[in-house]
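Colleague: I've got a model open on my screen and I'd like to learn how to read it. Could you walk me through it, one feature at a time?

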Protein chains: 2
Amino acid sequence: MRVRKSAEARKTEIINATLRLADKLGPDRLTTEAIADAVGLTQPGIFRHFPKKQDLWEAVAARVGSMMETRWEKARTDDALATDRIRALISAQLRLIQSTPAIPAILFSRELHSKNKGLRSAFFGLMSRFHRLIADLVTQACAAGELRNDFDPDDAAFIIIGLVQGLAVRWSISGRNFDLTEEGSRLLELQLKGFALGRGSGNGERNVS
Amino acid sequence: MRVRKSAEARKTEIINATLRLADKLGPDRLTTEAIADAVGLTQPGIFRHFPKKQDLWEAVAARVGSMMETRWEKARTDDALATDRIRALISAQLRLIQSTPAIPAILFSRELHSKNKGLRSAFFGLMSRFHRLIADLVTQACAAGELRNDFDPDDAAFIIIGLVQGLAVRWSISGRNFDLTEEGSRLLELQLKGFALGRGSGNGERNVS
DNA sequence: TCCTAGTTAGTGTTCAATCACTAATTAAGA
DNA sequence: TCTTAATTAGTGATTGAACACTAACTAGGA
């Protein structure tokens, strides 16, 4: 029984299945056949919608990109302390990773690192934008006296992103045996305390969970 | 004209070529044929020395492991401040990565993540040992009053490792357009300053490069 | 001479990709 | 409004390339 759907609808189905399976099988073991099975098509059917497999990956990158941008936007509109907006941003990012674990998997895949140049630059662009967001918030926090200002906000942002990435790697390698968001919040507190003005600046006991 | 070498010598040749090519082609695009070409053998010649390709990867892991342990050992014997030993350790690790860029590549390969369980546990063990080394040094630094002691040394170690990993990812994705060791030293200083006792603890101007 | 590093020739499998074709859907015109 | 032409989603069969791995043979050197 053939189920015919609009190209639009199929494309989203295929992208969703790819994200799900990229997590389950790993981005590099993922075959067009597996995707086809998941959406109920034959293997060549995939190629009607994405002429090359690379095209599929690029569509996935675009999807992931818009997921990120959406959440970043939401985290940004919070009008609180700049440091709280950093917390919100990192927390949003960690929740996204936790709910879409294919993201770090793709970030470390051969598909990205050695095969697909488009995919690589898409993710590089995302990372750069994320970096800018954080660096700007750090700058604001410094200006508002929430953080010291004897360091380069870009460096601070790199460190914070490293925190997220290190966490994602450990989470992934460990078989995901801890809560990403929770662990991340704890480490971020430690990190922000390090960037904060003087010792005992009053929020040492801050509890975020 | 055939050049015959001892199995021992060939094995090291093959492992070296694998490390070189794993960087150049990516660990997952690396074929036995490419390796054979590099060492001047025919493709099946490889299988005389490593009956399965997995065996080759495990030998590579062992080699990388011993490279790391050697450098860690060297960094440890430095009898200075505990924080200086952290600096030495991280710097040694970054120099190793810079001179053997296949290491992060392997760490993110499908070979490790989904195919080769032995490889995965070898690297997992290495990461754990690295973490323990740093956590212990942090503990010592806290005890010696070089760092605050209002945080968990394990957390601090995770953050420091995250710094290294984030750096490695960025280095790799960016096409290696910056000096890993230099950038790492700068970020580590910022990080250690955050862990240090009180503000202006005197080493803010420390220069490590 | 005999052990073993290395070769030549070949197999089985896994995939992306292609091609000729069919069935469902849409739209035009009498 | 109903027939029919055009479009587009999907299929079945297959192909060709890439690769790990094998078996049987060959030659180098203590």
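Modeller: We'll go from the overall fold to the chain interface, then to the DNA, and finish with a few single residues. Keep in mind throughout that this is a predicted model.

Colleague: Fine. What does the secondary structure of chain A come to?

Modeller: Start by counting the helices and strands, then read their order. Chain A comes to 10 helices and zero strands, so the pattern along its sequence is simply α-α-α-α-α-α-α-α-α-α. For the overall dimensions, look at the C-alpha atoms: along the principal axes they fill a box of roughly 70 × 30 × 30 Å.

Colleague: And what share of the residues in chain A is buried?

Modeller: Of the 209 residues in chain A, 52% are buried. You can also ask how far along the sequence the contacts reach. Taking contacts in chain A between residues at least 6 apart in sequence, 65% join residues at least 24 apart.

Colleague: On to the two chains. How many residues of chain A are in contact with chain B?

Modeller: Here you want the residues, the area and the kinds of contact. On the chain A side there are 39 residues, in contact with 39 residues of chain B. Between them the two chains bury about 3,500 Å², and carbon and sulfur atoms carry 64% of that.

Colleague: How many salt bridges does the rule find across the interface of chain A and chain B?

Modeller: It finds four. One to pull up on your screen is B:Asp150 with A:Lys193, where the closest N and O atoms are 3.7 Å apart. That pair counts because the cut-off for a salt bridge is 4 Å. As for polar contacts between chain A and chain B, the count is three residue pairs, with both residues at pLDDT 80 or more.

Colleague: Which elements give two or more residues to the side of chain A that touches chain B?

Modeller: Helices H7 (110–115), H8 (117–143), H9 (153–173) and H10 (180–195) of chain A do. H9(A) has the largest share, with 12 residues. By class, this side of chain A has 17 nonpolar, nine polar and 13 charged residues.

Colleague: Now the DNA. How many residues surround DNA strand D?

Modeller: List the neighbours, then ask which part of the DNA they meet. Strand D is surrounded by 22 residues, and the closest are A:Arg10, A:Thr42, A:His49, B:Gln43 and B:Lys53. Among the atoms of strand D that come within 4 Å of the protein, sugar and phosphate account for 64%.

Colleague: Which side chains have an N or O atom by a base nitrogen or a phosphate oxygen of strand D?

Modeller: Three to look at. The side chain of A:Arg48 has an N or O atom 2.9 Å from a base nitrogen of strand D. B:Gln43 has a polar side-chain atom 2.6 Å from a base nitrogen. For B:Lys52, the partner is a phosphate oxygen of strand D, 3.3 Å from a side-chain N or O atom. The elements giving two or more residues to the surface near strand D are H1 (7–25) and H3 (43–49) of chain A, and H3(A) gives the largest share, four residues. By class, that surface has seven nonpolar, six polar and nine charged residues.

Colleague: Let's do single residues. Is B:Thr100 buried or exposed?

Modeller: For one residue, check its place, its accessibility and its partners. B:Thr100 lies in the loop between H5 (82–99) and H6 (102–107) of chain B. It counts as buried because its relative accessibility is 9%, and the cut-off is under 20%. Its side chain makes a polar contact of 3.5 Å with that of B:Ser99. Leaving aside neighbours within four places in sequence, B:Thr100 is in contact with B:Leu19 and B:Met67.

Colleague: And where is B:Gly194?

Modeller: In helix H10 of chain B, residues 180–195. B:Gly194 has 4% relative accessibility, so it counts as buried. Beyond its neighbours within four places in sequence, B:Gly194 is in contact with A:Arg148, A:Gly194 and B:Arg148.

Colleague: Last one: what is phi of A:Arg176 near?

Modeller: Near 60 degrees, a positive value in a residue other than glycine. A:Arg176 lies in the loop between H9 and H10 of chain A, and is partly exposed at 35% relative accessible area. Then look at B:Arg176, with a positive phi of about 60 degrees.

Technical notes. Residues numbered from 1 in each chain as written. Chains lettered and ligands numbered in written order. Heavy atoms only, no water. Near = heavy atom within 4 Å. Polar contact = N/O pair within 3.5 Å; in protein donor to acceptor, adjacent residues only side chain to side chain. Nonpolar A, V, L, I, M, F, W, Y, C, P; charged D, E, K, R; others polar. Contact = heavy atoms within 4.5 Å. Buried area = accessible area lost by both parts, 1.4 Å probe. Salt bridge = Lys/Arg side-chain N within 4 Å of Asp/Glu carboxyl O. Buried < 20%, exposed > 50% of the residue type's maximum accessible area, 1.4 Å probe, protein only.
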